[in-house]
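Me: I am new to reading protein models, and I would like to go through this one slowly, with a reason given for each answer.

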Protein chains: 2
Amino acid sequence: MNIEMIRAAQERLSGHVRETPLVSSPFLDEIAGRRVWIKPECLQHTGSFKFRGGWSAISALHPEVRARGVIAYSSGNHAQGVARAAALHGIPATIVMPADAPRLKIENTRALGAEVVLYDRATEDRDEIGARLAKEHGLTLIKPFDEPQVIAGQGTCGLEIAAQARAAGIETADVIVCCGGGGFASGIALALEAEAPGLRLRTAEPEGFEDVARSLEAGRICRNATASGNLCDAILTPQPGDLTFPILQRLAGPGLVVREDEALRAMAHAFLRLKLVAEPGGAVALAAALFRSDEIDGPDVIVTISGGNVDPDVFRRALDDLDA
Amino acid sequence: MNIEMIRAAQERLSGHVRETPLVSSPFLDEIAGRRVWIKPECLQHTGSFKFRGGWSAISALHPEVRARGVIAYSSGNHAQGVARAAALHGIPATIVMPADAPRLKIENTRALGAEVVLYDRATEDRDEIGARLAKEHGLTLIKPFDEPQVIAGQGTCGLEIAAQARAAGIETADVIVCCGGGGFASGIALALEAEAPGLRLRTAEPEGFEDVARSLEAGRICRNATASGNLCDAILTPQPGDLTFPILQRLAGPGLVVREDEALRAMAHAFLRLKLVAEPGGAVALAAALFRSDEIDGPDVIVTISGGNVDPDVFRRALDDLDA
């Protein structure tokens with residue numbers, strides 16, 4: 001896993017990925033006590049950065065292998081990113097999702113052109129179903145984060161951040177990235193190391209699911225005690241990846257942790273000041289910039305809004321905060 | 001009023017304006033029956049295209065005149081655009097607003113650095129107050145649309161659309177623009193005429209306030225019967241401007257008209273598919289693309305989302321539509 005793979009992914013993504021802008025608001029600067037620069041990957045195709053990794057992995061396959069199709073396990077952003085990237089490549093995608101996933105997510109993934117295979121979480125094994133389907137149809141599994149070409153694709157966002165920070169005159173700053181398994185964070189960290197060494201990666205996670213922050217502190221992979229029960233569903237992974245953690249250990253500063261209600265408040269600020277729709281897991285980095293100022297150094301901070309795929313009911317809860 | 005003024009405004013705006021991207025979603029394409037390209041000016045500084053005109057007008061003033069400050073009458077997007085552009089120029093801005101304007105808008109305009117002068121709509125005359133303040137302090141009035149340098153600033157959005165359409169391979173298409181007094185629409189129309197003659201401007205307005213559509217059809221300026229009573233408050237002007245109407249008459253296709261509930265539905269689609277916050281008046285062009293397909297020609301259509309400054313309560317109403 002190295003910077004050359006990220007640069008190669010950027011070439012493959014060119015003309016297909018959306019280069020998201022770097023935006024800001026004086027109102028957010030005032031709350032944070034420093035200049036806050038936001039990289040809104042919620043504006044990426046399918047509403048999250050996951051399209052980058054999906055496109056990168058699919059475009060890196062040998063044409064004959066690619067033509068047989070790909071498979072992914074996901075009920076969320078990774079599924080949509082892979083489904084859309086596969087459709088644009090003109091190849092079949094199979095997405096294995098739990099039968100109790102939200103109806104809208106299942107319908108969206110189908111509408112993006114994927115075949116959705118549902119399984120019963122209680123009685124069936126996802127990996128077994130996936131392995132059988134992959135073998136039967138010659139499908140290639142696209143893992144959500146612990147996969148070099150996926151990390152390379154997510155890292156292209158870091159190349160954009162490096163160039164945009166340079167254009168804005170930012171030489172040193174923390175770059176806070178919403179972190180689940182660490183694919184997005186580690187890809188961006190590698191890109192910054194090569195292109196903008198004055199920018200330091202920081203991870204942001206929801207309280208109770210701060211496996212990466214604890215792992216960074218302990219110097220070894222630590223697991224979360226629980227697997228669910230937080231609105232930041234997109235970034236609830238049991239532990240950092242075997243590929244991603246060593247990269248983060250080498251390059252990331254101390255992990256930042258925010259409460260669920262702070263993620264909702266950050267969503268409300270993104271609505272009011274940036275006109276952007278963030279999902280809870282996509283808002284934790286902004287929440288860290290706004291509400292953990294004392295854990296951040298320097299006159300500038302850069303944050304990702306990693307995704308915007310949020311149910312209307314959850315978004316309403318975030319808006320309720322504005323009335324208080 | 002000509003293309004050279006728009007090009008000069010673009011030079012003055014360079015490095016200060018946000019170049020908003022051109023985005024799309026396969027879900028919206030399916031509803032519209034053609035490819036829909038969205039220019040989200042809700043992502044512009046202060047949440048609407050109005051920052052372009054404010055910056056253009058202020059930057060065009062003689063430095064000595066500019067240093068004395070500017071004044072604007074507005075309770076909305078124009079006020080915020082002028083206030084922010086003035087603050088970034090380091091000059092004072094006075095905004096004359098009705099005392100019954102929403103508290104949040106008054107606070108925002110103050111927070112952007114402007115002095116807000118409130119007046120009583122029932123007993124005081126806005127123009128008289130403004131003229132007195134302008135004379136006393138040597139302030140320059142920045143009109144919201146019927147002012148060449150404001151039209152030139154809004155037209156810079158049209159230069160961006162022309163370049164982005166070319167990059168996307170779009171040669172002929174309707175460009176639907178949310179239309180109040182016509183500053184945004186006429187500026188874009190002039191830019192397209194010069195830079196992308198295959199792109200034709202269309203205006204979009206809310207039903208009951210379709211003064212521009214009726215004026216275009218009649219070949220003379222027509223007024224609206226009523227002045228308020230629609231959620232699309234940002235684009236409720238009594239009639240097209242004396243400067244803007246002749247430009248639209250020469251360059252625009254037939255005006256498009258949508259219902260208020262269709263504007264709300266377009267906001268819901270922007271939330272769900274684009275992760276963008278649109279205000280009702282900023283969503284009428286998207287509504288026209290989605291719900292007036294039979295009045296539009298060709299495989300592509302380009303629409304502006306002109307602003308995103310919407311109260312949470314109104315946004316909730318738009319989200320309610322998704323549950324139905």
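The questions below go through a predicted model, taking the domains, the strands, a helix and the pairing of chains in turn.

Me: Into which domains is chain A divided by the domain assignment?
Reply: The assignment for chain A gives one domain in two pieces and another in a single piece. Domain 2 of chain A covers 51-141, while the two pieces 3-49 + 147-323 make up domain 1. The answer is therefore domain 1 (3-49 + 147-323) and domain 2 (51-141).

Me: Which element gives the most residues to the side of domain 1 of chain A that touches domain 2 of chain A?
Reply: The centres of these two domains of chain A, taken over C-alpha atoms, are 24 Å apart, and their contact takes 24 residues from domain 1 and 15 residues from domain 2. On the side of domain 1, the elements that give two or more residues are α1 (3-13) and α8 (148-167) of chain A. With seven residues, the one that gives the most is α8(A).

Me: Is strand β9 (residues 300-305) of chain A largely enclosed or left open, and why?
Reply: On one side of β9(A), D300(A), I302(A) and T304(A) are buried, and on the other side V301(A), V303(A) and I305(A) are buried too, so both faces are covered. In a regular strand the side chains alternate between the two faces of the sheet. Because six of the six residues of β9(A) are buried, the strand is largely enclosed by the rest of the structure.

Me: Which residue of β9(A) is the bridge partner of V175(A)?
Reply: Strand β1 (residues 35-40) of chain A runs parallel to β9(A) and is joined to it by six bridges, with P40(A) partnered by I305(A). Strand β6 (residues 173-178) of chain A also pairs with β9(A) in the parallel sense, over three bridges. Within β9(A), the bridge partner of V175(A) is I302(A).

Me: Which strands stand at the edges of the open sheet of four strands in chain A?
Reply: The strands of this open sheet follow the order β4-β3-β2-β5 (chain A), with parallel pairing. Strands β2 (residues 70-73) and β3 (residues 93-98) of chain A pair over four bridges, and I71(A) stands opposite T94(A) in β3(A). A strand with a single partner has one side left without a neighbour in the sheet, and this is so for the edge strands β4 (115-119) and β5 (140-141) of chain A.

Me: Which residue takes a positive phi just after helix α12 (residues 260-274) of chain A?
Reply: Helix α12(A) has 15 residues and reaches 20 Å from its first C-alpha to its last, close to the 21 Å expected at 1.5 Å a residue. Since 13 of its 15 residues are buried, α12(A) is largely enclosed by the rest of the structure. Just after this helix, a positive phi of about 60° is taken by K275(A).

Me: What relation links chain A to chain B?
Reply: In the contact between the chains, 19 residues of chain A meet 19 residues of chain B, and 100% of the interface residues of chain A are also interface residues in chain B, so the copies meet through the same surface. Chain A can be laid on chain B with an RMSD of 0.0 Å by a turn of 180° and a shift of 0.0 Å along the axis. That is the relation of a two-fold axis.

Conventions
Residues are numbered from 1 along each chain as its sequence is written. Chains are lettered from A and ligands numbered from 1 in the order in which they are written. This is a predicted model: local features need pLDDT of at least 70, side-chain atom pairs count only at pLDDT 80 or more; totals for chains, interfaces and linings use all residues. Two residues are in contact if their C-beta atoms, placed from the backbone, lie within 7 Å. A residue is buried if 20 or more other C-beta atoms lie within 10 Å of its own, exposed if 12 or fewer, and partly exposed in between; C-beta atoms are placed from the backbone. Two strands pair if DSSP finds at least two bridges between them. Copies are superposed by least squares on the C-alpha atoms of residues with pLDDT of at least 70 in both. The expected span of a helix is 1.5 Å times one less than its number of residues. Domain bounds come from an automatic or database domain assignment.
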